[in-house]
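Open your viewer and get ready to select residues by number. We will go step by step, stopping at a few places worth a look.

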Amino acid sequence: MRRVTETTGCPAPTPALPDHYPHATAFSVVTVGSGNPWPSLERAAACTLVQFRGRYVLVDAGNGAANSMLRGAHGEFPCRDIAAVCFTHFHQDHSTDYFDIVTNRWLTGGGPLTLVGPPRVGALHAFLTDFYRDDLAYRWMREAERGLTGAGMFTDVQVREVAGPDSFELAGLQVTTAELTHTMYDVGYRFEAAGRSVVVSGDTSLDERLVELARGADVLVMDGDERWPGELGHAAPRPEALSPEYRPQGRYGGDFTVRAHCGIEEIADMVARAGVKHLVLTHLRPGPVDEDAVRAVYVAAGFGGRVSFARDGLEIDV
Ligand SMILES: [Zn+2]
């Protein structure tokens, strides 16, 4: 299996994971899923875990993330300590393992849950709990004598829908959001605590709002999909070719005509101007990454920070 290692500023190979991540430092971020929508045994789809003082905020939960989370922690990840789940957007590769993770969390003793994301995030949870109601009720009753309540599944789920720039506190972290540019409404998140900061972009094409959100960030976990230097991007699909019921609906439904992702040169330009200290490229396609070619683009753009390539389970100090 191909092994992806860290690059600039990190001469040693990526160290082995600790027995249970993420506990190495008080503030860290883990790329639980480092892949994109392509099916892959090597990379789960998008999922990033922000850890601050032993509490976790999960950003996205794409396909494969639930298993990857357990694998990275040697089978014993404490799902119950996930305080909040934040969605950047509702593409399948960012959301389909949500229900597995939130069920694992609930059954292992997770209490009240905060759910953050674009409009309809509450509807997503409501739909899933309604559709699986009989299954969930059975599990609940089976575990009731061990103290399981409805909290974090049927009750005590606080929903915060983010419909633009926002600012709030979450699990001891100060959170700032920005709308970014994707084929679907996308929210980028900045988490700050103890004078340090980590930004998670979700999926975005070139957007000055990301430059502002990531200004001076200690770590930026960035959608590095999917055009490596010299490659061509996708042609924009034509929504008018779809019958009306399948077209994106309204401001939060999306816009198929915008570009979905940045080119590498555009990311390099943005992070150089933002003064990001450590860039972690994630949302990577299966197959080898030409790290030297990508790194050369960052050097040419004047980016002086560290560049890492995500892999599933990589923990980064913030
Ligand atoms: Zn994606």
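Two strands pair if DSSP finds at least two bridges between them. With that in hand, select strand E4 (residues 82–86) and strand E5 (residues 113–117): they pair in the parallel sense over 3 bridges. Keep in mind throughout that you are looking at a predicted model.

**Stop 1: the whole protein**

Show everything as a cartoon. You should find 7 helices and 14 strands. Of the 318 residues in the protein, 46% are buried. Among contacts between residues at least 6 apart in sequence, 70% join residues at least 24 apart.

Now colour by confidence. The mean pLDDT is 86, and 87% of the residues reach 70 or more. Select residues 1–19 next: here the pLDDT is below 50, and this stretch has 26 contacts in the model beyond near neighbours in sequence.

**Stop 2: around strand E4**

Go back to E4. How many of its 5 residues are buried? The count is 5 of 5, and the strand is mostly covered.

Add strand E3 (residues 55–59), which runs parallel to E4 and is joined to it by 4 bridges. Pick Val-85 in E4 and look for Leu-58, which stands opposite. Val-85 also has a bridge partner in E5, namely Leu-115.

To see how the chain gets from E4 to E5, select helix H2 (residues 98–107): E4, H2 and E5 make a right-handed β-α-β unit.

**Stop 3: an open sheet**

Select the strands of an open sheet of 7 strands, whose order is E7-E8-E9-E10-E11-E12-E13, with mixed pairing. Which strands are at the edges? They are strand E7 (166–170) and strand E13 (306–309), each pairing on one side only. Turn the sheet to view its twist, which averages 20 degrees from one strand to the next.

For the mixed pairing, start with strand E9 (residues 186–193) and strand E10 (residues 196–200). These two run antiparallel and are joined by 5 bridges. Click on Ala-193 to find its bridge partner in E10, Arg-196.

Then move on to E10 and E11, which run parallel with 3 bridges between them. Val-199 has Leu-220 of E11 as its bridge partner. Include helix H5 (residues 208–213) in your selection, and you have a right-handed β-α-β unit made of E10, H5 and E11.

**Stop 4: inside strand E11**

Zoom in on strand E11 (residues 219–223). Why is this strand largely enclosed by the rest of the structure? Because 5 of its 5 residues are buried.

Turn on the side chains. In a regular strand the side chains alternate between the two faces of the sheet. Here Val-219, Val-221 and Asp-223 point one way, Leu-220 and Met-222 point the other way, and all are buried.

On to strand E12 (residues 278–282), which pairs with E11 in the parallel sense over 4 bridges. Select Met-222 and its bridge partner in E12, Leu-281.

**Stop 5: Asp-269**

Finally, select helix H6 (residues 264–274) and find Asp-269 within the helix. Is Asp-269 buried or exposed? Asp-269 has 20 C-beta neighbours inside 10 Å, so it counts as buried; the cut-off for buried is 20 or more.

Now add Ala-301, which is 32 residues away from Asp-269 along the chain. Draw a distance line between their C-alpha atoms, and the separation is 5.8 Å.

Key:
Residues are numbered from 1 along each chain as its sequence is written. This is a predicted model: local features need pLDDT of at least 70, side-chain atom pairs count only at pLDDT 80 or more; totals for chains, interfaces and linings use all residues. pLDDT is the predictor's confidence in each residue, from 0 to 100. Two residues are in contact if their C-beta atoms, placed from the backbone, lie within 7 Å. A residue is buried if 20 or more other C-beta atoms lie within 10 Å of its own, exposed if 12 or fewer, and partly exposed in between; C-beta atoms are placed from the backbone. A crossover is right-handed if, with the strands pointing away from the viewer, the path from the first strand over the helix to the second runs clockwise. Axes are lines fitted to C-alpha atoms, for helices over the stretch in contact, and angles run from 0 to 180 degrees between N-to-C directions.
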